[in-house]
Every structure is written in structure tokens, then in C-alpha cells.
Amino acid sequence: MSRLKDLMNERGYTKTSLSELSGISVRTLEPYIAGSRKFANTPLWLAVKIADTLGVDVHDLMEE
């Protein structure tokens, strides 16, 4: 499971609710949720919008 999926589960977000609250399309979010795309090469603005929506530091999205 991806770090993003873990954070979403902890906070009770679905991909639809995260999309609506962050303003990022479900289609864009899905690879990150599935873990097939990592945040290491993601545009900073995108990572920041997701992190802000989840109420976490952008570094918390990075896989270890």
C-alpha cells in the first residue's frame, strides 16, 4: 500500500473526497494512491496541495 493511501485511510478520505478538497482530478491522484507513481519526481505544487489537504508535511508523502 502507498504512503498516500495510508494517510488517506487514517483521515477517512476516499479518492473522490481527496480530489474534491484538493482540486486535483481523481485521474491524477490514482497512480499515487496505487503506489505506481512516487512523489520524488512530482511537481512540488502538486505534492504541496495534497499534503495541505491531508494536513501533513509534504515530506510525509515520501515513501521510505
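T53 counts as buried, at 17% relative accessibility. The model is a predicted one. T53 sits in helix α4. Leaving aside residues up to four places away in sequence, T53 touches Y13, L18, L21 and S22. The cut-off for burial is under 20% relative accessible area, so the 17% of T53 places this residue in the buried class.

T53 shares this burial with other residues of α4. The helix spans residues 44-54, and L46, A47, I50, A51, T53 and L54 are buried in it. Viewed down the axis of α4, these buried residues fall within an arc of 160°, so they line one face of the helix. An α-helix has 3.6 residues a turn, so residues three or four places apart point the same way. The face of α4 turned away from the buried side carries L44, W45 and D52, which are exposed. Cover for the buried residues of α4 comes from elements that include α1 (3-11), α2 (15-22) and α3 (26-34).

The packing of α2 against α4 can be described in detail. The axes of the two helices come within 9 Å and cross at roughly 110°. Angles of 65 to 115 degrees count as roughly perpendicular, and α2 and α4 are therefore roughly perpendicular to each other. On the α2 side, the contact is made by L18, L21 and S22. On the α4 side, K49, T53 and L54 take part. By class, the contact has three nonpolar, two polar and one charged residues. L18, L21 and S22 of α2 are also among the residues that T53 touches.

Helix α1 also has a buried face. Its buried residues are L4, L7 and M8. Seen down the axis of α1, they fall within an arc of 100°, so they line one face of the helix. The elements that cover them include α2, α3 and α4. After α1 comes G12, with a positive phi near 80°.

L4 shows how α1 meets other parts of the chain. This residue lies in helix α1. L4 is buried, with a relative accessible area of 0%. Not counting residues up to four places away in sequence, L4 touches L18, Y32, I33, F39, I50, L54, L61 and E63. Among these partners, I50 and L54 are buried residues of α4, and L18 belongs to the α2 side of the contact with α4. L4 and L44 are 40 residues apart in sequence, and their C-alpha atoms are 15 Å apart in space. L44 is one of the exposed residues of α4, on the face turned away from its buried side.

The segment before α1 contains S2. S2 is buried, with a relative accessible area of 3%. A polar atom of the S2 side chain lies 3.2 Å from the backbone oxygen of Y32. Beyond residues up to four places away in sequence, S2 touches Y32, I33, A34, G35 and E63. Y32, I33 and E63 also appear among the residues touched by L4.

The chain beyond α4 begins with a glycine. Just after the helix, G55 takes a positive phi of about 75°. V56 lies in the segment that follows α4. V56 is buried, with a relative accessible area of 11%. Its contacts, not counting residues up to four places away in sequence, are with L7, R11 and A51. L7 is a buried residue of α1, and A51 is a buried residue of α4. V56 and L7 are 49 residues apart in sequence but 8.8 Å apart in space, C-alpha to C-alpha.

D57 is found in the segment after α4 as well. In contrast to the burial of V56, D57 is partly exposed, with a relative accessible area of 43%. Its side chain is joined to that of H59 by a polar contact of 2.6 Å. D57 and A47 are 10 residues apart in sequence and 9.6 Å apart in space, C-alpha to C-alpha. A47 is among the buried residues of α4.

How values were computed. Residues are numbered from 1 along each chain as its sequence is written. This is a predicted model: local features need pLDDT of at least 70, side-chain atom pairs count only at pLDDT 80 or more; totals for chains, interfaces and linings use all residues. Side-chain values use heavy atoms; hydrogens and water are left out. Buried means under 20% relative accessible area, exposed over 50%, partly exposed in between (1.4 Å probe, protein chains only). Helices (H or I, at least four residues) and strands (E, at least two) are DSSP runs, numbered from the N terminus. The arc is that of the directions from the helix axis to the C-beta atoms. Contact means heavy atoms within 4.5 Å. A polar contact is a pair of N or O atoms within 3.5 Å; within protein, one must be able to donate a hydrogen and the other to accept it, and residues adjacent in sequence count only if both atoms are side-chain atoms. Axes are lines fitted to C-alpha atoms, for helices over the stretch in contact, and angles run from 0 to 180 degrees between N-to-C directions. Angles under 35 degrees count as roughly parallel, over 145 as roughly antiparallel, 65 to 115 as roughly perpendicular and the rest as oblique. Ala, Val, Leu, Ile, Met, Phe, Trp, Tyr, Cys and Pro count as nonpolar, Asp, Glu, Lys and Arg as charged, and the others, Gly among them, as polar.
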